[in-house]
Amino acid sequence: MVTHRRCERTSGYGLAMPVPGWRRKLLAAPPVARALIAGRIATGGAVVLGYHDVTPGAEDTDEYRLAPEQFARQLDLVLAWGLEVVPLGTVVERLEAGRPVDGLAAVTFDDALAGVYELAAGILAERGLTATVFASPGALGCEHPGWPGAVRAMSEGQLAELAASGFTVGSHGVTHRPLPGLDRAEQSAELTDSRARLEDLVGAPVDLFAYPEGRHDPASRALVVDAGYRAAFGFAGGRVVPGDDLRALSRVCMHRGQGRLRLAHDLARPAAAWPADPYFAAA
Ligand SMILES: [Zn+2]
């Protein structure tokens, strides 16, 4: 199972969880309507936008690779709805301190794919924004293992260049293997080696982690702390609020199906209206 498919399975009206009932839909309706009618998102908590790639090319049909125009449109809607786009570290700092994160949004990209360097970075810069790139140092400059079909990851030099320009670099494991499938020593190596290699490469602390395929279990949640990470992200759920478990924070899985209406829904939906993270139930 590759990254982008797993992302779909554990987000939205989760396929990995029972279909949410009328209670969740009722909870979501008023804030979504407010966003669409009043043009403001006033839902409590923050949203961490989980992107993968930005690429031109009508032949590309993968829903997690957005055309540049759609990526720009989504960012413009986020800003128009009054969300403040901040570095991911700012959201984490406030959560660590138990402070509110209302009205904040952060942009992230998993897998360090070349389109982020070539296209997304410029679109963000035009708006005065940066993002966090979760990279696997063992999968840079080559076809990414999570993306069959010659989708290339950016090179080490390109990742370092983004970091120098103000992007945050986080770890996505060395090899992009999901941690729950590995034994304890292998999980630990994925966490600690990737951190050391990325810190060498970008010359800055690497203390944020994104679980490959969004998958985690009790061992990986413990080891991510032992390895020195301040926070780790999955893909389940959609909002983060103070009191959330910093070892497995939610993100909104970003995809081509998010036009204005769906995006308003996903960004205004309260934390309680999202399905719970199914990986917390892992034995
Ligand atoms: Zn990934």
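**Group meeting: strand β1 and what surrounds it**

Let me start in the middle of the fold, with strand β1. V47, L49 and Y51 point one way from this strand, V48 and G50 point the other way, and all of them are buried. This is a predicted model, so please hear everything I say as computed from it.

The strand covers residues 47-51, and because five of the five are buried, β1 is largely enclosed by the rest of the structure.

What does β1 pair with in the parallel sense over five bridges? That is strand β5, residues 104-110. Within β5, V107 is the bridge partner of L49. There is also strand β10, residues 252-253, which runs parallel to β1 and is joined to it by two bridges. Here L49 stands opposite V252. L49 therefore has a partner in β5, V107, and one in β10, V252, while its side chain points the way of V47 and Y51.

Now the core. The largest nonpolar core has 78 residues, and V48, V116 and V133 are those with the most contacts inside it. Helix α5, residues 114-126, gives the most to this core, with five residues. Take V116 as an example. If we leave aside neighbours within four places in sequence, V116 is in contact with D53, V54, F109, A121, V133 and M154. V133 in that list is again one of the residues with the most contacts inside the core.

Next, helix α9, residues 260-268. Which of its residues are buried? They are L263, A264, D266, L267 and A268. The helix's buried residues pack against α2 (22-38), β1, α3 (68-80) and β10, which brings us back to the strand I opened with.

Between β10 and α9 there is a loop, and R256 is found in it. Is R256 buried or partly exposed? It counts as partly exposed, because it has 15 C-beta neighbours inside 10 Å, and the cut-off for buried is 20 or more. Its contacts, leaving aside neighbours within four places in sequence, are E63, L66 and Q70. The C-alpha atoms of R256 and F71 are separated by 8.8 Å, although the two residues are 185 apart along the chain.

Last, confidence. The protein averages a pLDDT of 89, and 90% of the residues score at least 70. Over residues 1-19, pLDDT stays under 50. For that stretch the model has 40 contacts beyond four places in sequence.

Note on methods: Residues are numbered from 1 along each chain as its sequence is written. This is a predicted model: local features need pLDDT of at least 70, side-chain atom pairs count only at pLDDT 80 or more; totals for chains, interfaces and linings use all residues. A residue is buried if 20 or more other C-beta atoms lie within 10 Å of its own, exposed if 12 or fewer, and partly exposed in between; C-beta atoms are placed from the backbone. Helices (H or I, at least four residues) and strands (E, at least two) are DSSP runs, numbered from the N terminus. Two strands pair if DSSP finds at least two bridges between them. A nonpolar core is a set of buried Ala, Val, Leu, Ile, Met, Phe, Trp, Tyr and Cys residues joined through C-beta atoms within 7 Å. Two residues are in contact if their C-beta atoms, placed from the backbone, lie within 7 Å. pLDDT is the predictor's confidence in each residue, from 0 to 100.
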